[in-house]
Amino acid sequence: MTERLDKHILKNGMVLLGEPMEAVESVAFVCMLPGGAARLPDGCCGAGSVIDDWIFRGAGDRNSRQLGDALDGLGLHRASSVGSSHITFGAALEAENLPQALDLYADIILEPHLKKDQFELARQLAIDGVHALDDDPRQKVMLKLREQFYPSPLGRSTLGNIDELTALTAKSTRAIIKGNFNLSETIFAVAGKYDFDAIAGQMENLFETGRKKLLEPVTFGAKSSEYTHIHNDGAQVHIGLMTETVKPTDEDYYNAMVAVSVLSGGMSARLFTEVREKRGLCYAIGARYHGLKDAAGVMCYAGTTPENGQKTLDVIIGEFNRLSEGISEEEIQRAKVGLKSSLILQSESSSSRAGGIAGDYYMFGRVRNLDEIKNKVEATSVDSVLGFLRNNKFQDFTVVTIGPKCLK
Amino acid sequence: MEFKKKKLTNGLNLIGEVNKSAKSAAVGFFVKTGARDEPEQVNGVSHFLEHMLFKGTERLSALEVNEAFDRTGTEFNAATSEENTVFFAKVLPEYLIEVTKLWIELMRPALRDEDFDVEKNVIKEEIAMYKDLPSFDVMDRCRSLHFDGHPCGNSVLGSEESVGNLTAEQMRGYFARRYAPNNMVLACAGNFDWGQICSIVEESCSKWQKQAVGRKLEHCPGSKKKKRFEKPNLAREHICLMSPGVPAQDPRRFAALLLAAIVGDDVGSRFFWELVDKALAEAAAMQFGAMDGTGVFHSYIRCSSENVTEVLDTIKGIFGSLSKNGITKDELKKAKNKMLSALVIKNELPMGRLLDLGFNWIYLEQYRTIEDDISAIRAVTVDDVHSLMEQFNLGDFTQLSIGPAQDRGQRTEDRGQKTEDRF
């Protein structure tokens, strides 16, 4: 596979990346700003959700309605999210509209109006989002799990909590934006059909600002308890479980990915087979690798009726423990093929590639070539994966449940 | 892009769109059967059967089926709706033949009693899972209220009771009647060799027996009933509105899609500016669903209990203003731009192409290029949307809400007929 990477560093330090794709007429971009939940000052949990909404409520010479209409007029499909480390804005669109879209996003990032009346609405929606989480126990259990598993503030809720959202003011939130929208630590990536020189020139003009001092690194607190139960008289008990493993930058990262794939990569993987196919305990069951720059874990979800809850949790933990006892050559082969295929299948989407190259640059300080990833996956073996698991056992589980009764 | 088609003498349709520059291929079976085709006593059988097709054949066990898919690194799944059951996979070109052979084999499943018994538990878990998702639950209940006896109101999952009472024998009977070759389409998109696919299908599927299959089509004007259910563990009010629209076979479906986007797209729509931007509701969206012989506009709104009256009054105002003043040219233009770019982006992936290809054949027996759809969207005028609204008044809707228990004193007339049902 031959893919090209375009790279340009703006005078202000912002990194601009691009991956051209021949077969598409679309382009997608993402902009990762260092304003994620873990970068927020204490007592401001949820400010990311407010900011994510507030900055779109008028920017440059357009009010909120005019800005929304201008974005819609370009046929943009917008996506934004708040993660642990970054606030990410992005869109997919027809390639010819990219220059106008960049003009609008420069206004949103550099010159948002941040009016007080609009702040109240943005904050109300963020508070509503936290309330609505009570009606979505599956999402809630995973957010709570991250909060319990990661050392504070890495797992801090990206949606926020009601008390801290209520205490936020337009003034304090403006100060967070000013501090965290640090262009010198921002990564901007495009993928699809584009002219890189034209984009680099346009971005230099739009973001002509001086370099800023880098943000202070985050200091970590302690982890929370091992087991948390939240009562809810729903139809199911929702189980979230997480255990520590190596970070993406660790030399054993690919062994960890293959191990998780043996556990839960496809329908023939261990968890699906043992929990659902053989015992019929769950409809939804799965585990995946979840990696931040400073910590990582294997994250598992299962939803089951209360009478099956304990058995489900016991079988899941049994499968995590059993993994280091032995893995067949066939299982390793299936895990490798699955990882390699999904890499190629995802590479056809411009949105997925833009997100992929930006994420790589943040995590590794460079963009990994697809062939490099394929070769690293290919280089793993039964012995290397088992060796990794024996030295890095999946043990010490953090568990969160939401449902009518707690588990042991 | 090159379109290909072939029909076997037993009625099985095989269609494909070849794109040699794609890095992947997609392949799937579209079976024209779903909840609306189920007699009441076997409600939920189409969806349960979709699960059972992965449980193996006379030759393969369930575990062997899963291993066979995973050996090729395929991303595969299946879905059942009111009127279709679709099995689909995206795959690297070098594995396409192997995966197509596997799908073909699975379309003639063993339906073993012991697999049926274990999978019944999984289906019951799935029913329980959706009960904990009020945004899904409210749509399902509203659909049943809107269609009020019309088969499109049948629940796709079925109830714990209907699934509990279902026997493997009843499922085998349903399978024999509905999975007939003349009721199925095999579609491929992306990078593949048409000639090879044809010979495999001819060799493996020609022996499948044609059956007399059919479906009674009837338009449904909707009950326009209003109901509210209480569920004590909920925090928010979940509201679903449904009103009738044009069927999938009607060329006005493009005007209907644009109207739904103008009223209720996630951003930039009337719902967005009047409800979400003003923080009255945190979610408010309308979509149009074209079905076989009928169609529905459906909206989902989530808000706090305190805001319900204001939200419903605002929606009434939006519908009233639309029927009085119509839409603007500018609104239509923005809705078209968003829809056209979505169409282009979706169709860049073989999987996106496969779904359009398959459904166009299921509903229209027609091949439509992306350009055909682009032209049809571009051709819609403000007058087209207005005449559609005259025939299908969005304000004439069925309404179902679920939310937390409320103070009886707060209830107001315009929130419709109340029921005391609890679930």
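1. I begin with helix α5 of chain B, whose buried residues are covered by elements of chain B that include helix α4 (113-131) and the strands β7 (226-230), β8 (237-245), β10 (295-303) and β11 (398-403). Please keep in mind while reading that this is a predicted model. The buried residues of α5(B) are B:P134, B:D137, B:V138, B:C142, B:R143, B:L145, B:H146 and B:F147, a list that a student may like to mark on the structure.

2. How far does helix α5 of chain B reach from its first C-alpha to its last? The helix covers residues 134-147, which are 14 residues, and it reaches 20 Å, close to the 20 Å expected at 1.5 Å a residue. After α5(B) comes B:D148, and the phi of B:D148 is positive, near 40°.

3. The contact between the two chains deserves a paragraph of its own, since it involves many residues: 57 residues of chain B are in contact with 64 residues of chain A. The area buried between chain B and chain A is about 5,100 Å², and carbon and sulfur atoms give 57% of that area. Within the area that chain B buries against chain A, B:E125, B:D132 and B:W273 supply 13%, which is more than any other three residues.

4. Between chain B and chain A there are 31 residue pairs in polar contact, counting pairs in which both residues have pLDDT 80 or more. On the side of chain B that touches chain A, the elements giving two or more residues are α2 (62-71), β4 (75-80), β5 (85-91), α4, α10 (270-276) and α12 (329-347) of chain B. Which of these elements gives the most to that side? It is α4(B), with nine residues. By residue type, the side of chain B that touches chain A divides into 26 nonpolar, eleven polar and 20 charged residues.

5. Salt bridges come next, and the count over all chains is 61, while the count between chain B and chain A is seven. Within chain A, A:E120 forms a salt bridge with A:K116, and their closest N and O atoms are 3.1 Å apart. Both residues lie in helix α4 (residues 116-133) of chain A, four residues apart, about one turn of the helix. An α-helix has 3.6 residues a turn, so residues three or four places apart point the same way. A:E120 counts as partly exposed because its relative accessibility is 32%, whereas A:K116, with a relative accessible area of 52%, is exposed.

6. One of the pairs crosses between chains, running from A:R334 in helix α12 (residues 329-346) of chain A to B:E67 in helix α2 of chain B. The closest N and O atoms of A:R334 and B:E67 are 3.8 Å apart in this salt bridge, and both A:R334 and B:E67 are buried.

7. In chain B, the side chains of B:D373 and B:R368 meet in a salt bridge at 2.7 Å, N to O. Are these two residues buried or exposed? B:D373 counts as buried because its relative accessibility is 9%, and B:R368 is likewise buried, with a relative accessible area of 13%. Elsewhere, salt bridges that share partners join A:R65, A:D69, B:D330 and B:K334 into one network.

8. A last point concerns A:R353, which lies in helix α13 (residues 350-364) of chain A. With a relative accessible area of 10%, A:R353 is buried. Leaving aside its neighbours within four places in sequence, A:R353 is in contact with A:E19, A:M21, A:A191, A:Q346, A:S347 and A:L370.

Note on methods
Residues numbered from 1 in each chain as written. Chains lettered and ligands numbered in written order. Predicted model: local features only at pLDDT ≥ 70, side-chain atom pairs only at ≥ 80, totals over all residues. Heavy atoms only, no water. Buried < 20%, exposed > 50% of the residue type's maximum accessible area, 1.4 Å probe, protein only. Contact = heavy atoms within 4.5 Å. Expected span 1.5 Å × (residues − 1). Buried area = accessible area lost by both parts, 1.4 Å probe. Salt bridge = Lys/Arg side-chain N within 4 Å of Asp/Glu carboxyl O. Polar contact = N/O pair within 3.5 Å; in protein donor to acceptor, adjacent residues only side chain to side chain. Nonpolar A, V, L, I, M, F, W, Y, C, P; charged D, E, K, R; others polar.
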